[in-house]
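Visitor: I've never looked at this one before. Could you show it to me and take a few questions?

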Amino acid sequence: MAKTSIFSSKYEKRRKRKRFLKNLAIGFVVVLIIALIVYKPLMHKVEQVRQRIAEEEYMKANPTVIPTVPAAEEKPEVPVAMSYKAVLPSGNEAEVFYEITNGTFSFLPVDETEFWSGDVSPSKKLAVVFDKASQEMVLLDEAGLQTDITYRVYRNSKGYTESKESIMARIDGFVWSEEPRFLSDSKVVFMSMLPWFKAEDRYMYVYDIAEKTHKSFQSVKGSEVTFGELTDKGLMVTMDGKVSYLTPELKVVKE
């Protein structure tokens, strides 16, 4: 077959057609590449819109259904024990521990040692420490403030007075105070040989925290008197083997 001359009009037509077909092929490839690039994210967007529409239609058909959001896991606060140092009249130092949990202050039970004992109030906001050597008491609050609540001077109804130091110096083995316990957040009770000075007998005294006064309460007495737990009935008191309960109103209820 004869070759078309470059000077022929058919040659120019063929050359333009080849160029057109070549550009068309290139354009098709470019469009195909762009379509492949755009197709995947476009379909992802379409699927998101389709799911959102389906959820909205479901919520309209089921208005009582509330979508739940998982709550963030809360880790419980671990309380750390801290302490106050109570300097006792004898010179001994008692360490009283407390903890703060979720912003709430609480005294921990007072450890009894050879030199001191103590108790914690029902609210755990107060603690009393008893110095066994000097038979004196110190009250601690949540700020660490220490208050001496020892009964210092004995007075009777006839006007006779005598100091703690004088009585303990002249009567060997005299029990001025022992075993202080909280009856409530406003009252501390303890046992003493006062007011009858008999070695075989103990009588209860009450310290009112608000009024800062000591009063004798002789309904609780005996040769052996021990305090037990503070219960819903009141403070358990064992007097010569018999159990009773002392209420915050100072009423003795027999078991």
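Visitor: Let's start with a strand pairing: which residue in β5 stands opposite Val120?

Guide: Keep in mind that this is a predicted model. Strands β4 (residues 116–120) and β5 run antiparallel and are joined by five bridges. Across that pairing, the residue in β5 opposite Val120 is Ala127.

Visitor: And which residue in the turn between β4 and β5 has a positive phi?

Guide: β4 and β5 make a hairpin, with five residues between them. In that turn, the residue with a positive phi, about 65°, is Lys124.

Visitor: What about the other neighbour: which residue in β6 is the bridge partner of Phe130?

Guide: β5 also runs antiparallel to β6 (residues 136–141), with six bridges joining the two. They form a hairpin with four residues between them, and Gln135 in the turn has a positive phi of about 55°. Within β6, the partner of Phe130 is Met137.

Visitor: How many of the residues of β5 are buried?

Guide: Let's go face by face. In a regular strand, side chains alternate between the two faces of the sheet. On one side of β5 we have Leu126, Val128 and Phe130, on the other Ala127, Val129 and Asp131, and all of them are buried. So for β5 (residues 126–131) the count is six of six.

Visitor: Which strands are the edges of the sheet with the order β1-β2-β3?

Guide: That sheet is open, has three strands and pairs antiparallel. An edge strand pairs on one side only, and that fits β1 (81–87) and β3 (104–107). Neighbouring strands here are turned against each other by 30° on average, ignoring direction. As for the edges you asked about, they are β1 and β3.

Visitor: Phe105 and Phe107 form an aromatic pair, so what kind is it?

Guide: Both of these residues, Phe105 and Phe107, are buried. Their ring centres are 5.0 Å apart, with 85° between the planes. Because planes over 60 degrees apart count that way, the pair is edge-to-face.

Visitor: Last one: is Ser186 buried, exposed or partly exposed?

Guide: Ser186 sits in the loop between β10 (178–182) and β11 (187–192). Leaving out residues up to four places away in sequence, Ser186 touches Tyr207, Asp208, Ile209 and Ala210. The C-alpha atoms of Ser186 and Ala210 are 6.5 Å apart, though 24 residues separate the two along the chain. Because its relative accessibility is 30%, Ser186 counts as partly exposed.

Note on methods:
Residues are numbered from 1 along each chain as its sequence is written. This is a predicted model: local features need pLDDT of at least 70, side-chain atom pairs count only at pLDDT 80 or more; totals for chains, interfaces and linings use all residues. Side-chain values use heavy atoms; hydrogens and water are left out. Buried means under 20% relative accessible area, exposed over 50%, partly exposed in between (1.4 Å probe, protein chains only). Contact means heavy atoms within 4.5 Å. Rings of Phe, Tyr and Trp (its six-membered ring) pair if their centres lie within 6.5 Å; planes under 30 degrees apart count as stacked, over 60 as edge-to-face and the rest as tilted. Two strands pair if DSSP finds at least two bridges between them. Axes are lines fitted to C-alpha atoms, for helices over the stretch in contact, and angles run from 0 to 180 degrees between N-to-C directions.
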